Amino acid sequence: MTRKEQKEERRKLILMTGLKLFVERGYYETKVSDIAAAVPMSVGLMFHYFESKEELLLELVKMGAASSSAPETPPDIPPEMYLPAFLKQLFAYASEQPWVFQMFVLMSQARRPGMPEEARKIALNVNQIDFTAEMIRKGQKSGVFRKGDAKLLAMVFWASVQGVMEEMAMNPDMKTPDPEWICGILRA
């Protein structure tokens with residue numbers, strides 16, 4: 001492994017360790033020295049990778065935002081097929097990459113008042129609700145989704161997904177639920 005590859009591996013390790021500790025302990029309760037000790041490396045060496053704990057958080061939130069972007073327009077797949085397939089794929093990927101469960105928790109934490117403002121702004125700009133509401137409206141027109149406020153239904157859908165992801169982050173032995181259970185919230 002080249003020196004550049006080693007440096008990138010160490011950087012990823014710091015990010016994943018920071019993510020885990022921020023989720024387990026909270027951002028403010030996690031010290032830079034806690035992250036450095038868990039990696040393991042000296043605090044001084046860690047500052048060569050990230051100048052501050054806030055910079056580490058910001059990088060994690062940017063990663064979360066980049067991986068959360070919804071398509072600009074709903075696909076031509078019927079919504080009653082798209083949403084369960086999307087969840088199945090999300091749960092399968094997160095099961096292979098457990099940091100994804102943790103990222104859902106961190107992104108939720110980052111949206112709260114009191115978090116570093118730059119990270120909070122990025123987290124608040126992640127918007128799956130509008131895209132999902134459009135999918136729900138499409139399903140309502142075809143009669144497969146229940147009537148009602150599509151945006152509110154989208155919020156309930158994502159609150160359910162968020163809850164599952166948080167439980168999976170805290171309980172790695174938990175099995176992922178059948179996506180149809182969550183999509184059942186939407187069905188007519």
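**The largest pocket and its helices**

Student: Which helices each supply at least two residues of the lining of the largest pocket?

Tutor: Happy to start there, keeping in mind that this is a predicted model. The pocket has a volume of about 820 Å³, and 29 residues line it. The helices that each give at least two of its lining residues are α4 (53-67), α5 (79-96), α6 (99-110), α8 (129-141) and α9 (150-170).

Student: Nice! How many residues of that lining are charged?

Tutor: Let's go through the classes. The lining has 18 nonpolar residues and 10 polar ones. S68, F104, V126, Q128 and W158 lie nearest the pocket centre. The number of charged residues in the lining is one.

Student: Is α4 roughly perpendicular or oblique to α6?

Tutor: Good one to reason through. The two helices pack at an angle of about 110 degrees, their axes 10 Å apart. Angles from 65 to 115 degrees count as roughly perpendicular. Therefore α4 is, relative to α6, roughly perpendicular.

Student: And what about α6 and α9: roughly perpendicular or oblique?

Tutor: Here the angle is about 120 degrees, with the axes 8 Å apart. The roughly perpendicular class covers 65 to 115 degrees. So α6 is, relative to α9, oblique.

Student: How many charged residues does the contact of α6 with α9 have?

Tutor: On the α6 side are V100, F101, Q102, F104, V105 and S108, which meet W158, V161, Q162, M165, E166, M168 and A169 in α9. By class, this contact includes nine nonpolar and three polar residues. Glu counts as charged, and E166 is in the α9 part of the contact. The count of charged residues is one.

Conventions:
Residues are numbered from 1 along each chain as its sequence is written. This is a predicted model: local features need pLDDT of at least 70, side-chain atom pairs count only at pLDDT 80 or more; totals for chains, interfaces and linings use all residues. Side-chain values use heavy atoms; hydrogens and water are left out. On a 1 Å grid over the protein atoms alone, a cavity is a set of points where a 1.4 Å probe fits but cannot get out, and a pocket is an open set with protein on both sides within 12 Å along at least five of seven lines; lining residues have an atom within 4 Å of a point. Grid points are joined across faces, edges and corners, and a volume is the space filled by probe spheres set on the points. Helices (H or I, at least four residues) and strands (E, at least two) are DSSP runs, numbered from the N terminus. Axes are lines fitted to C-alpha atoms, for helices over the stretch in contact, and angles run from 0 to 180 degrees between N-to-C directions. Angles under 35 degrees count as roughly parallel, over 145 as roughly antiparallel, 65 to 115 as roughly perpendicular and the rest as oblique. Contact means heavy atoms within 4.5 Å.
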